[in-house]
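Let's work through some short exercises together. Keep the sequence and the 3D view open, and try each task before you read its solution.

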Amino acid sequence: MSGDSFWYRAFHLYYDGFRSMTLGKTLWAVILVKLFIMFVILKVFFFPNFLSSHAEEGEEPEYVATELIDRSQH
């Protein structure tokens with residue numbers, strides 16, 4: 001990759017910026033912890049796999065189609 005390439009310059013812009021951060025590293029750590037909590041912890045406890053408890057193995061598309069048709073008629 002040449003030194004005047006867009007990707008090379010963009011990478012070094014962010015690389016130098018993150019390297020010289022002091023408070024920013026702590027803020028990025030907080031952001032990453034919050035994302036982990038939102039996507040891993042909350043999914044496990046608050047969003048169970050609904051289809052696995054209501055449809056038979058391999059019959060998930062039919063269950064969803066039936067539910068969509070039934071709910072659209074009401």
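**Exercise 1.** In which helix do Glu 67 and Arg 71 lie, and how many residues apart are they?

*Solution.* Start with the ground rules: this is a predicted model, where local features need pLDDT of at least 70, side-chain atom pairs count only at pLDDT 80 or more, and totals for chains, interfaces and linings use all residues. Residues are numbered from 1 along each chain as its sequence is written, and side-chain values use heavy atoms, with hydrogens and water left out.

Step 1: Find helix H4 (helices are DSSP runs of H or I with at least four residues, numbered from the N terminus). Both Glu 67 and Arg 71 sit in H4, four residues apart, which is about one turn of the helix.

Step 2: Look at their side chains, which meet in a salt bridge at 3.3 Å, N to O. The term asks for a side-chain nitrogen of Lys or Arg within 4 Å of a carboxyl oxygen of Asp or Glu.

Step 3: Check the surface. Arg 71 is exposed at a relative accessible area of 61%, while Glu 67 is partly exposed at 24%. Here buried means under 20% relative accessible area, exposed over 50%, and partly exposed in between (1.4 Å probe, protein chains only).

**Exercise 2.** Find the salt bridge between Arg 19 and Asp 16, and describe its setting.

*Solution.* Step 1: The structure holds two salt bridges; in this one, the N to O distance is 2.4 Å.

Step 2: Arg 19 and Asp 16 both belong to helix H1 (residues 6–19), three residues apart, or about one turn of the helix.

Step 3: Arg 19 is exposed, with 53% relative accessible area, and Asp 16 is partly exposed at 37%.

**Exercise 3.** How far apart are the C-alpha atoms of Thr 66 and Phe 18?

*Solution.* Step 1: Place Thr 66 in helix H4. Thr 66 is partly exposed, at 42% relative accessibility.

Step 2: Thr 66 and Phe 18 are 48 residues apart along the chain, and their C-alpha atoms are separated by 51 Å.

**Exercise 4.** Where is confidence lowest and where is it highest in the protein chain?

*Solution.* Step 1: Recall that pLDDT is the predictor's confidence in each residue, from 0 to 100. The chain's mean pLDDT is 87, and 96% of its residues reach 70 or more.

Step 2: The lowest confidence is in H3, with a mean of 86, and the highest is in H4, at 92.

Terms used
Helix = DSSP H or I, 4+ residues; strand = E, 2+ residues; numbered from the N terminus.
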